[in-house]
Amino acid sequence: MDKITTPVVCQETADEMVVEFEQQGGSWAAIEAWESHSSGTDGPGDAERTTVTGGIVSSYEYDGCVYCGDTAFFKCGTCDTLSCHDGYSDTAYCQPCSKQVHLSGDIDEIDGSEQSDGITDVDQSTGITKKYSSH
Ligand SMILES: [Zn+2]
Ligand SMILES: [Zn+2]
């Protein structure tokens with residue numbers, strides 16, 4: 001397992017997105033984000049829920065939150081929700097908790113969905129990553 005996707009809430013708009021993380025050394029690097037449509041039927045499907053350990057970083061190719069552009073993350077200590085963050089403030093707003101939270105320490109654990117074999121297929125000749133539904 002070297003890739004997971006996990007829901008992330010925008011601290012500015014409260015909208016949800018999905019962020020894909022790739023394992024790079026001992027850390028998990030954000031590489032891509034897209035808008036989540038969790039109310040529909042196009043959810044994560046049969047992807048396995050998983051918890052991984054390691055710090056979170058943003059890769060150079062990560063464009064940031066799809067809603068506000070923030071490229072870092074924070075994890076609420078109360079509800080465990082992962083949200084976008086500007087990366088330098090020591091406070092953040094947790095939308096699910098509707099409160100300002102103080103940040104301390106680094107994220108060392110993420111809950112996500114494992115990207116199992118067959119879902120992602122990288123075309124080596126172009127470098128384009130294609131996603132297939134897994135049924
Ligand atoms: Zn955001
Ligand atoms: Zn919270």
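Reader: Is strand E4 (residues 49–53) largely in the open or buried, and how many of its residues are buried?
Author: This is a predicted model, in which local features need pLDDT of at least 70, side-chain atom pairs count only at pLDDT 80 or more, and totals for chains, interfaces and linings use all residues. Residues are numbered from 1 along each chain as its sequence is written. A residue is buried if 20 or more other C-beta atoms, placed from the backbone, lie within 10 Å of its own, exposed if 12 or fewer, and partly exposed in between. Strand E4 has 5 residues and lies largely in the open, because the number buried is 0.

Reader: Which residue of E10 is the bridge partner of Thr51?
Author: Strands are DSSP runs of at least two residues, numbered from the N terminus. E4 and strand E10 (residues 109–114) run antiparallel and are joined by 5 bridges. In E10, the partner of Thr51 is Asp111.

Reader: Which residues touch the most other members of the largest nonpolar core?
Author: A nonpolar core is a set of buried Ala, Val, Leu, Ile, Met, Phe, Trp, Tyr and Cys residues joined through C-beta atoms within 7 Å. The largest one has 20 residues, and those that touch the most other members are Val8, Val19, Phe21, Ile56, Phe73, Cys84 and Ile110.

Reader: With which residues is Phe73 in contact, leaving aside neighbours within four places in sequence?
Author: Two residues are in contact if their C-beta atoms, placed from the backbone, lie within 7 Å. With those neighbours left aside, the contacts of Phe73 are Val8, Ile56, Leu82, Ser83, Cys84, His85 and Ile107.

Reader: What percentage of the protein chain counts as buried?
Author: The chain has 12 strands and 0 helices. Of its 135 residues, the buried share is 24%.

Note on methods. Chains are lettered from A and ligands numbered from 1 in the order in which they are written. Helices (H or I, at least four residues) and strands (E, at least two) are DSSP runs, numbered from the N terminus. Two strands pair if DSSP finds at least two bridges between them.
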